[in-house]
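Here are a few exercises to work through with the structure open beside you. Try each task before you read its solution.

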Amino acid sequence: MSTRDEILSRLRRRLVSTLRPRFREKAEDIAHDTVAVLLEKYPNVEDEVQLLKLLYTIKRFVSLGAARKPAEDQFPEAFDSPDQRLGAEQELTENDKVDALESAIGQLGERCKRLFRYRLKEMETPEIATHLNVTINNLYQIEMRCTERLRAIMTGSRHTSEGKHA
Amino acid sequence: MPDETNPIPLAAYLFGKLTHEEQSELMRRALSDQKVFNQLWDAVDQRELLQNPAVRARLLRRLEEPAPRSFWSQLFGPLGRTLLASAAVACVALILVQSPDRTWYGTERPLTLVTTPQSNLAEFFRLPARNPLHLPVDLHRSPAVFHPGDVIHATVILASPSAVFALRHDPNGSVHLVFPSDLAASANQPAGEVPFSFDPVSPTEDVTARESFTLRVLVLPPGIDLRNQSIEWARLGRHAYSTVEVGYEVVP
C-alpha cells in the first residue's frame with residue numbers, strides 16, 4: 001500500500017467514525033464514496049494535509065450525496081458539475097444557514113458575543129487574549145466552548161424547525 | 001480556568017486567523033485525533049459562511065446592536081411602555097439641558113467602538129466629543145484661514161503627560177493622521193505646551209474653492225497608541241480621553 005493509499009485509508013476510517021452517529025450503517029458507504037472522489041479527482045495530491053483540506057472542502061457534497069443514498073449512487077458524478085446542482089434550492093439553503101447562524105449568535109452569552117465580535121473585527125489572537133486578560137490557550141478553550149454552544153443552538157433550532165415542518 | 005496544554009484553536013480556524021503553518025499543524029492533529037477531526041468537520045459549514053465578507057458584516061452588525069429589553073416589554077403593556085418612554089425622554093431632555101457636556105450624552109453609543117491599528121481613521125471621528133481636561137488647542141491664526149503650501153503651527157496644552165494625536169478631516173471625507181508626523185515618532189508628550197505642525201491640506205490637493213477642514217486632537221493616557229494598539233473605548237472609561245475639534249478653511 002502506498003503512502004497516499006495509507007493516508008486515504010486513514011481518512012476513510014476517521015470519516016466513518018464521524019458519520020456513524022448520524023448515518024449509522026450508511027456511514028461506510030458515504031465515506032467510501034467520499035474517498036473515491038479524492039482518489040478520482042485529485043490523483044496527484046500526495047500530501048496528507050492537502051488531502052484532509054480537500055476532504056473538508058467537499059463536505060457539502062458528502063451531505064448532498066448522503067441525502068440521496070441509497071436511492072441513487074450518483075455522488076461522484078454529481079461532484080463533476082456542482083454548479084448545476086447548486087440552484088435556487090441550494091441558494092436558499094445558504095441563506096437559511098446565514099439566518100440560523102445570525103440567530104444563534106444572538107442567543108449566545110455576552111462573553112461569547114464579545115469574542116465573536118473581536119473575531120469579526122479581525123482582531124489578532126494575542127490582542128484578544130490581552131483584552132480578556134487570559135492566556136492564548138485559555139482563549140482557545142473559551143472560544144471552543146462558545147463555538148460548541150453556537151453549534152448546539154444551531155442544531156437545536158434546526159431540529160425545532162424540522163419539527164415544525166413535520 | 002486550568003490552562004489546557006494544547007487546546008483546539010477552533011474559532012481562529014473558523015474565522016481564518018490561523019497562519020498556513022498553524023493550519024497545517026491543526027490538520028495533522030485532526031489526522032491523528034478523532035476529536036479534532038470531528039470538530040473541524042462540524043465547523044466546515046460555519047467556516048464557509050464566515051469566509052464571506054457580506055456575512056461577516058451582517059453578523060457584526062447584529063452583534064453591535066443594543067440588547068433587546070425583553071424584560072421591560074414583557075413587564076409592561078403598550079400603555080406602560082409609552083409612559084416609560086415619555087419619562088425617559090423627559091429625563092434625557094433634563095440631563096441635556098443641565099449638562100455642560102451636551103454632546104457626550106447625544107453620542108454615547110459609539111463608545112462601543114473597538115479600534116485596531118487597521119481601523120479606518122474616520123472611526124476616531126465617531127468617538128463622542130468630550131473634553132474633561134478642558135484642553136485648549138490653538139491654530140494661532142484668526143480667522144483660521146490658510147492657503148495651500150502654508151504650514152499650520154498649532155499647540156495644545158497638557159495638564160499632565162499624555163499621548164497626543166491629531167487627525168485632519170478633509171472635505172472629501174478622508175481622514176489623515178497629521179501628528180505624530182511619522183510612525184517612528186512617539187505620541188507621548190510631557191505636560192505643558194505641545195507644539196505640532198502640519199499641512200492644512202495635502203500638498204498634492206488642487207484647491208480651487210474655499211474648503212472647510214476639521215482638526216480633531218485626541219489626548220489619551222501616555223503609552224496608548226492608536227497606531228499600533230487595539231483599543232476598546234468603552235473599557236477606557238468616560239474620562240480617560242479628551243477630544244477637541246477646531247475648524248479652519250483653506251482658500252486658493
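**Exercise 1.** Which residues of β5(B) are buried on one side, and which on the other?

*Solution.* Keep in mind that this is a predicted model.

Step 1: start with the strand as a whole. β5 of chain B spans residues 162–169, and 8 of its 8 residues are buried.

Step 2: split them by face. B:S162, B:V164, B:A166 and B:R168 sit on one side, while B:A163, B:F165, B:L167 and B:H169 sit on the other. Both faces are covered.

Step 3: recall the general pattern behind the split. In a regular strand, side chains alternate between the two faces of the sheet.

**Exercise 2.** Find the strands that bridges join to β5(B), including β9, β6 and β7.

*Solution.* Take the partners one by one.

- β9 (residues 211–220) of chain B runs antiparallel to β5(B), with 7 bridges. Here B:V164 stands opposite B:V219.
- β6 (residues 175–179) of chain B is also antiparallel to β5(B), joined by 4 bridges. B:H169 faces B:V175 across this pair. The two strands make a hairpin with 5 residues between them, and B:G173 in the turn has a positive phi of about 95°.
- β7 (residues 188–189) of chain B has 2 bridges to β5(B), again antiparallel. B:A163 has B:N188 as its bridge partner there.

**Exercise 3.** Why is one side of β2(B) and of β8(B) left without a neighbour in the sheet?

*Solution.* First get the strand order: three strands of chain B form an open, antiparallel sheet, β2-β4-β8. Next look at the edges. β2 (137–138) and β8 (192–198) each have a single partner strand, so one side of each has no neighbour in the sheet. Finally, check the pairing of β4 (residues 152–158) with β8(B): it runs over 7 bridges, and one of the bridge partnerships links B:T155 to B:P195.

**Exercise 4.** Describe the side of chain B that touches chain A, then look for the cores.

*Solution.* Step 1: count. 39 residues of chain B contact 38 residues of chain A.

Step 2: assign elements. α1 (10–14), α2 (20–32), α3 (34–50) and α4 (53–64) of chain B each supply at least two residues to this side, and α3(B) gives the most, with 10.

Step 3: sort by type. You get 22 nonpolar, 7 polar and 10 charged residues.

Step 4: look at the largest nonpolar core, which has 41 residues; A:L11, A:L115, B:A11, B:Y13 and B:L14 have the most contacts inside it. B:A11 touches residues of chain A, including A:L115, A:R119 and A:C146. A second, separate core of 23 residues includes B:V164, B:F179, B:A187 and B:Y248.

Step 5: follow A:L115 back to its helix. The buried residues of α8(A) are A:L115, A:F116, A:Y118, A:R119 and A:L120. Just after this helix, A:E122 takes a positive phi of about 70°.

**Exercise 5.** Where in chain A is confidence highest, and where is it lowest?

*Solution.* Begin with the average: chain A comes out at a pLDDT of 77, and 72% of its residues score at least 70. Helix α8 (residues 110–120) is highest at a mean of 92, while helix α6 (residues 82–85) is lowest at 34. Residues 70–92 of chain A fall below 50, though this stretch has 19 contacts beyond near neighbours in sequence. Residues 159–166 of chain A also stay under 50, with 0 contacts beyond four places in sequence. Where pLDDT is low, the predicted coordinates shouldn't be read in detail.

Methods:
Residues are numbered from 1 along each chain as its sequence is written. Chains are lettered from A and ligands numbered from 1 in the order in which they are written. This is a predicted model: local features need pLDDT of at least 70, side-chain atom pairs count only at pLDDT 80 or more; totals for chains, interfaces and linings use all residues. Two residues are in contact if their C-beta atoms, placed from the backbone, lie within 7 Å. Ala, Val, Leu, Ile, Met, Phe, Trp, Tyr, Cys and Pro count as nonpolar, Asp, Glu, Lys and Arg as charged, and the others, Gly among them, as polar. A nonpolar core is a set of buried Ala, Val, Leu, Ile, Met, Phe, Trp, Tyr and Cys residues joined through C-beta atoms within 7 Å. A residue is buried if 20 or more other C-beta atoms lie within 10 Å of its own, exposed if 12 or fewer, and partly exposed in between; C-beta atoms are placed from the backbone. Two strands pair if DSSP finds at least two bridges between them. pLDDT is the predictor's confidence in each residue, from 0 to 100.
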